[in-house]
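The exercises that follow are to be worked with the sequence and the model side by side. Each opens with a task, and a stepwise solution comes after it.

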Amino acid sequence: MSGVANGVASGVASVGPVTTVALLLALGAVAYSAWLLEAVLGTPLSPVNSYVSELAALDQPYGTLFRTTDLAAGLLILAGAAGALLWLPRRWWTVVGWAGLALYGAATAVDSRLPMSCAPTADALCEARERAGLVPLTHTAHVVSSSVAVTGALVGMAALTLAARRYGTLPSLVRPAGLLLLLLELAATVWTLAAVAAFDAGYGTWALGMGQRLQVLLIAGWLGLLASALVRRG
């Protein structure tokens with residue numbers, strides 16, 4: 001174990017802690033965007049109406065692939081946020097921001113281990129079982145872990161943006177592109193929450209899939225912007 005730890009420490013020293021954090025976040029953003037493969041894999045789910053999580057459901061043909069990429073994304077982002085808390089200067093809002101991203105990464109990794117059992121937006125029987133509470137515990141727990149992940153991401157994005165404004169660090173986050181990504185993410189989250197509520201109440205999906213896909217795409221884009229800002233700072 002000490003040899004592994006020494007090897008990791010040596011690698012960080014040779015690359016630089018800021019670059020290491022940026023690389024982990026960038027790789028996490030790429031893995032978190034693996035759902036885009038649905039366009040070439042030809043999954044049976046509708047990108048307009050289905051949850052992104054349904055791609056990783058146990059009854060879906062590429063479920064293993066998407067569960068694996070979600071796990072990788074969560075662990076990479078968790079490692080990047082933990083590295084930032086360990087190696088980078090700490091102030092109140094930066095600690096809150098990196099802790100939010102760490103929570104987002106950890107919850108995403110847990111999310112991948114608690115997959116949905118079926119796809120309720122595409123399978124009427126699955127939807128009926130879900131409404132009757134006849135789905136496995138992991139299916140129900142997935143909703144909780146997904147909610148925690150998104151909450152962590154929003155806290156991280158907002159707090160690090162505020163830190164950039166108050167402390168003058170990572171100015172890219174408070175330039176128009178960074179602020180636009182944050183505002184669009186908030187709007188996409190409101191859209192997704194409203195669509196989920198409509199679906200749960202039996203009023204259709206309200207283009208749930210589009211809202212949630214925009215939501216996760218904006219998170220990945222913001223992580224890429226954060227990684228770029230760290231490299232420039234480093």
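Two residues are in contact when they have heavy atoms within 4.5 Å of each other. The model is a predicted one, in which local features need pLDDT of at least 70 and side-chain atom pairs count only at pLDDT 80 or more, while totals for chains, interfaces and linings use all residues. Residues are numbered from 1 along each chain as its sequence is written, and side-chain values use heavy atoms, with hydrogens and water left out.

**Exercise 1. Confidence**

Task: State the mean pLDDT of the protein, and find where pLDDT stays under 50.

Solution. Start from the score itself, which is the predictor's confidence in each residue, from 0 to 100. The protein has a mean pLDDT of 93, and 94% of its residues reach 70 or more. The values stay under 50 over residues 1–5, and for this stretch the model has zero contacts beyond four places in sequence.

**Exercise 2. The span of helix H2**

Task: Compare the expected span of helix H2 with the distance between its end C-alpha atoms, and list residues of H2 that are buried.

Solution. Helices are DSSP runs of H or I with at least four residues, strands are runs of E with at least two, and both are numbered from the N terminus. The expected span of a helix is 1.5 Å times one less than its number of residues. Helix H2 covers residues 17–32, so its 16 residues should span 22 Å, and the end C-alpha atoms are indeed 22 Å apart. For the second part, buried means under 20% relative accessible area, exposed means over 50%, and partly exposed lies in between (1.4 Å probe, protein chains only). The buried residues of H2 include Val-18, Val-21, Ala-22, Leu-25, Ala-29 and Tyr-32.

**Exercise 3. Salt bridges and a buried arginine**

Task: Find how many salt bridges the whole structure holds, and establish which side chain of opposite charge is nearest to Arg-67.

Solution. A salt bridge requires a side-chain nitrogen of Lys or Arg within 4 Å of a carboxyl oxygen of Asp or Glu. A search of the whole structure on this basis yields two.

One of them joins the side chains of Arg-213 and Glu-38, at 2.8 Å from N to O. This pair links distant parts of the chain, since Arg-213 belongs to helix H9 (residues 208–233) and Glu-38 to helix H3 (residues 38–41), 175 residues apart. Arg-213 and Glu-38 are both buried.

Another is formed by Arg-131 with Glu-127, whose closest N and O atoms are 2.8 Å apart. Because these two residues lie four places apart in helix H6 (residues 124–131), about one helical turn separates Arg-131 from Glu-127. An α-helix has 3.6 residues a turn, so residues three or four places apart point the same way. Arg-131 is partly exposed, with a relative accessible area of 45%.

Turn now to Arg-67, which is placed in helix H4 (residues 63–87). Lys and Arg count as positive and Asp and Glu as negative, while His and the chain ends are not counted. Arg-67 is buried but has no salt bridge, and the nearest side chain of opposite charge, that of Asp-59, is 7.7 Å away. Leaving out residues up to four places away in sequence, Arg-67 touches Ala-56, Ala-57, Leu-58, Ser-112, Arg-113 and Pro-115.

**Exercise 4. The disulfide**

Task: Describe the link of Cys-118 and Cys-126, including its handedness.

Solution. A disulfide is taken to be a pair of cysteine sulfur atoms within 2.5 Å, and the count by this rule is one. Cys-118 and Cys-126 form a disulfide, with their sulfur atoms 2.0 Å apart. The angle about the S-S bond is 75°, and the link of Cys-118 and Cys-126 is right-handed. Cys-118 is buried at a relative accessible area of 3%, and Cys-126 is buried at 1%.

**Exercise 5. Positive phi in two loops**

Task: Locate Leu-170 and Trp-206, and decide whether each is buried or exposed.

Solution. Leu-170 sits in the loop between helix H7 (137–167) and helix H8 (176–200). Its phi is near 45°, a positive value in a residue other than glycine, and Leu-170 is buried, with a relative accessible area of 8%. Trp-206 is found in the loop between H8 and H9. Although Trp-206 is not a glycine, its phi is positive at about 55°, and Trp-206 is exposed, with a relative accessible area of 53%.
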